[in-house]
Amino acid sequence: MSCAPNLIDSHGRTISYLRISVTDRCDLRCRYCMAEHMTFLPKAAVLSLDEMAIIAERFIARGIRKIRLTGGEPLVRRDVGQLVRRLGHHVGHGLDELTMTTNGNHLVEHSAALVDAGMRRINVSLDTRDPALFRHITRHGDVARVIGGIFAARDAGLRVKINMVALKGQNDREIGSMLAWCRDEGLDLTLIETMPLGAIDEDRTDRFVPLGAVLDELKAEFPLVRDTHDSGGPARYWRIDGSDTRLGLISPLTANFCSTCNRVRLTTEGILYTCLGHDDQVDLKTILRVQGVAGLDAALDAAMGSKPLAHEFDIAAAAPAVSRHMSVTGG
Ligand code: SAM
Ligand code: SF4
């Protein structure tokens with residue numbers, strides 16, 4: 001293991017969390033995330049799984065303690081299990097946690113292997129339990145299949161956190177019942193404000209729900225106590241008293257927590273973004289292919305120098321804050 005120094009950005013924040021977008025492709029088309037007809041990267045433009053692992057291992061050597069595999073839909077990438085197993089070997093040896101965000105469509109087949117590889121927690125997106133609304137939001141998803149995947153993951157031993165993007169006029173009246181369901185099923189719930197990332201076929205402003213008001217309503221219905229759990233990210237947490245269920249709120253539009261940001265993101269193309277809401281980037285794929293692993297350290301140090309202090313999301317702006325979709329950067 002190298003004794004290269006940990007990654008600290010120019011604002012003094014220690015960077016200990018890497019998200020990897022394993023693929024920009026997906027088998028769903030959630031309306032707030034993607035346009036119906038998306039153009040995906042040609043296969044030749046993306047990192048091989050081996051290159052992804054090499055870059056991730058360099059990050060681990062530089063003090064990254066947590067890696068989340070995401071996308072796109074990570075479980076649609078062929079042979080993704082190879083990457084999971086390889087990175088899983090680092091859990092307990094440099095890495096505290098390897099985790100994943102998935103749409104749940106393929107969890108029945110994959111859950112046991114994720115646990116075997118050392119994964120203990122995953123996030124699964126579920127914006128509604130209503131079959132017709134789920135099909136509408138995802139354009140063609142089957143909610144029964146996703147819920148089956150969630151239960152398969154839980155029963156295989158994974159702690160499951162549900163990600164629910166709050167959408168005005170769609171699922172906003174369902175948030176209380178989703179939290180009650182999570183409590184009854186032994187799941188956690190994180191609510192997310194819709195973010196202006198990438199062009200979609202509708203106007204996100206029409207769907208935006210500020211989560212502060214939602215929290216007030218939930219407090220009237222559930223005994224919520226503040227939870228000190230801190231992922232070093234944008235989420236704030238509560239717990240339902242008397243249960244294990246934790247409620248998280250990711251509200252980047254109405255409550256900015258960038259000052260404690262500890263994360264960077266690697267795209268499937270090998271581009272490192274130091275902020276979800278900015279275009280500052282370093283092309284690690286080219287550096288790896290031209291200079292080899294030896295070139296990565298200087299590139300990571302340079303990236304630390306340019307990590308922005310904060311995002312500048314404005315849901316009412318005419319254009320998205322950045323043109324790339326969440327599925328490209330890795331949500
Ligand atoms: N396909 C996987 C999934 O859906 O969980 C992983 C990738 S997805 C981009 C990661 C998370 O980002 C999901 O919870 C999704 O709901 C959320 N997301 C996607 N686009 C978003 C947006 N514009 N604003 C807020 N959240 C978004
Ligand atoms: Fe696919 Fe996830 Fe985006 Fe939905 S949110 S389209 S499942 S990448």
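# Helix crossings, loop residues and a ligand shell

Student: Helix α6 (residues 175-185) and helix α7 (residues 211-221) have axes that come within 10 Å and cross at roughly 55 degrees. Why are α6 and α7 called oblique?

Tutor: Set the angle against the classes: under 35 degrees is roughly parallel, over 145 roughly antiparallel, 65 to 115 roughly perpendicular, and the rest oblique. The crossing is at roughly 55 degrees. That value fits none of the named ranges, so α6 and α7 are oblique to each other.

Student: What do the numbers rest on?

Tutor: This is a predicted model, where local features need pLDDT of at least 70, side-chain atom pairs count only at pLDDT 80 or more, and totals for chains, interfaces and linings use all residues. Side-chain values use heavy atoms, without hydrogens and water; residues are numbered from 1 along each chain as its sequence is written, and chains are lettered from A and ligands numbered from 1 in the order in which they are written.

Student: How is an axis fixed, and between which directions does the angle run?

Tutor: Axes are lines fitted to C-alpha atoms, for helices over the stretch in contact. Angles run from 0 to 180 degrees between N-to-C directions. The helices (H or I, at least four residues) and strands (E, at least two) are DSSP runs, numbered from the N terminus. The protein has ten helices and twelve strands.

Student: Which residues of α6 and α7 meet?

Tutor: Ile175, Gly176 and Leu179 of α6 meet Val214, Leu218 and Glu221 of α7. Contact here means heavy atoms within 4.5 Å. By class these residues are four nonpolar, one polar and one charged.

Student: What makes one of them polar and one charged?

Tutor: Ala, Val, Leu, Ile, Met, Phe, Trp, Tyr, Cys and Pro count as nonpolar; Asp, Glu, Lys and Arg as charged; the others, Gly among them, as polar. So Gly176 is the polar residue and Glu221 the charged one.

Student: Is the crossing of α6 and α7 left-handed or right-handed?

Tutor: Right-handed. A crossing is left-handed if the near helix is turned anticlockwise from the far one by less than a right angle, and right-handed if clockwise.

Student: How do you know how helix α8 (residues 284-291) runs relative to helix α9 (residues 296-306)?

Tutor: Their axes come within 10 Å and cross at roughly 155 degrees. That angle lies above the antiparallel limit, so α8 is roughly antiparallel to α9. This crossing is right-handed. The contact joins Leu284, Ile287 and Leu288 of α8 to Leu296, Ala299 and Leu300 of α9. The class count is six nonpolar, no polar and no charged.

Student: What makes α1 and α8 roughly perpendicular?

Tutor: The axes of helix α1 (residues 49-61) and α8 come within 11 Å and cross at roughly 95 degrees. That falls inside the perpendicular range; α1 and α8 are therefore roughly perpendicular. Glu51, Ile54, Ile55 and Phe59 of α1 meet Leu284, Leu288 and Arg289 of α8. This contact has five nonpolar, no polar and two charged residues.

Student: Why is Thr194 called buried?

Tutor: Buried means under 20% relative accessible area, exposed over 50%, partly exposed in between (1.4 Å probe, protein chains only). Thr194 has 4%, so Thr194 is buried. Thr194 sits in the loop between β6 (188-192) and α7. The C-alpha atoms of Thr194 and Tyr32 are 7.2 Å apart, with their positions 162 residues apart along the chain. Over the 331 residues of the protein, 59% count as buried.

Student: Why does Arg129 count as partly exposed?

Tutor: Arg129 has 31% relative accessibility, between the two limits, and so counts as partly exposed. Arg129 lies in the loop between β4 (121-125) and α4 (131-138). Not counting residues up to four places away in sequence, Arg129 touches Val143, Ile147, Glu174, Ser177, Met178 and Trp181.

Student: What is notable about the phi of Asp79 and of Arg139?

Tutor: Most residues other than glycine have a negative phi. Asp79 has a positive phi of about 65 degrees, and Arg139 a positive phi of about 75 degrees. Asp79 is in the loop between β2 (66-71) and α2 (80-88). At 47% relative accessibility, Asp79 is partly exposed. Arg139 is in the loop between α4 and α5 (143-156), and at 15% Arg139 is buried.

Student: Which residues surround ligand 2?

Tutor: Cys26, Leu28, Arg29, Cys30, Cys33, Met34, Gly72 and Asn103. Each has a heavy atom within 4 Å of the ligand. The shell counts five nonpolar, two polar and one charged residues.
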